[in-house]
Amino acid sequence: MLPGVYQATKKNGAIYYRSNITFHNKHISLGSFSSQEEAHEAYCVAERVLYSDLVFDEYLDWNSLKPLGFDKIISLFNFRDRGMYIANPIYMRSNYFSYYLSPNEELKFDVDDLFYYSTHKILRRQGHLYVNDYGMQVTLMSRYGLKNYSVLHRDYEFANGDETDLRYSNVVLINRYYGVTRYERKGMMRYRVRIHINGNYTIGTYSTEEKAAIAYNKAVDLAKKAGINRNFSENYVENLTPREYADIYMKVKISRKYLDYLETVGRG
């Protein structure tokens with residue numbers, strides 16, 4: 001066998017070839033291949049990455065590193081330069097890490113997220129990025145408290161304008177609660193609440209985000225009491241005590257137009 005190559009047999013008896021390399025006392029699998037020559041080529045490429053002076057950020061000829069997969073190349077560079085072997089395509093920086101979706105797509109994350117993304121692979125479907133977590137598809141933005149329907153520049157924005165920079169300090173939440181939209185009026189922030197029931201109904205405009213979130217919850221409760229059976233999402237306002245929440249709930253005003261609509265529903 002050529003260096004770094006091992007013959008293996010599938011359950012149906014077919015022969016294939018595995019390639020492995022050892023670096024800093026770690027045995028690294030490089031993948032499975034249909035021919036001994038291809039497996040050996042992968043081994044030679046891995047040797048080149050691990051034992052050469054190639055500079056990661058300056059090396060752009062990814063095609064010359066085939067037949068190794070792109071993810072494996074990133075893992076080897078990171079192991080060589082940072083001493084950490086991570087199966088996912090992660091390269092450690094001085095105070096953050098990069099997750100590569102492709103040679104030209106680099107996402108930036110805080111080091112606090114390293115364990116999560118080293119064990120959860122980022123996938124893409126119809127332009128949306130997500131991970132599989134306990135059998136569920138979880139969008140990346142949900143980790144910042146954003147809902148699936150959140151819209152860039154309406155519900156959140158990136159402080160430095162870089163949509164690939166997903167460090168927490170760069171993701172600025174604008175509207176974090178269901179039904180609440182923030183806007184500025186005469187230099188002051190106001191919070192408009194709408195609920196969707198056979199069209200959009202404005203519940204009111206409020207001076208704080210918490211009041212607006214509670215007003216939405218109250219509007220949902222009133223809708224259910226009127227017999228509107230829908231799976232409404234409700235807001236969880238975590239920075240208020242139960243007593244503070246109840247006090248705001250009792251005092252917060254709901255638009256007369258919405259209340260009149262609910263009365264017609266109840267009579268119907």
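Biologist: What makes the largest nonpolar core a core, and which residues have the most contacts inside it?

Modeller: In this predicted model, the largest nonpolar core has 28 residues. They count as a core because a core is a set of buried nonpolar residues joined through side-chain atoms within 4.5 Å. Those with the most contacts inside it are Ile195, Ile197, Ile203, Tyr206, Phe232 and Tyr258.

Biologist: Which elements each supply at least two residues of this core?

Modeller: Strands β13 (188-196) and β14 (200-206) do, as do helices α4 (209-225) and α6 (256-267). With eight residues, α4 gives the most to this core.

Biologist: Which residues does Ile195 touch, leaving aside residues up to four places away in sequence?

Modeller: Ile195 touches Asn200, Tyr201, Ile203, Tyr216, Ala219, Val220, Phe232 and Tyr258. Apart from the largest core lies another one, of 27 residues, including Leu30, Ala46, Phe56 and Leu76.

Biologist: Why are α1 and α2 called roughly parallel?

Modeller: Helix α1 (residues 36-51) packs against helix α2 (residues 70-82) at an angle of about 30 degrees. Angles under 35 degrees count as roughly parallel, so α1 and α2 earn that description. Their axes are 9 Å apart, and α1 passes α2 in a right-handed crossing.

Biologist: Which residues of α1 and α2 meet?

Modeller: From α1 come Ala46, Val49 and Leu50, which meet Leu76, Phe77 and Arg80 in α2.

Biologist: How do the residues of this contact divide into nonpolar, polar and charged?

Modeller: Five are nonpolar, none is polar and one is charged. Arg80 is in the contact, and Arg counts as charged.

Technical notes
Residues numbered from 1 in each chain as written. Predicted model: local features only at pLDDT ≥ 70, side-chain atom pairs only at ≥ 80, totals over all residues. Heavy atoms only, no water. Buried < 20%, exposed > 50% of the residue type's maximum accessible area, 1.4 Å probe, protein only. Helix = DSSP H or I, 4+ residues; strand = E, 2+ residues; numbered from the N terminus. Contact = heavy atoms within 4.5 Å. Axes fitted to C-alpha atoms, helices over the stretch in contact; angles between N-to-C directions. Parallel < 35°, antiparallel > 145°, perpendicular 65-115°, else oblique. Left-handed = near helix turned anticlockwise from the far one by under 90°.
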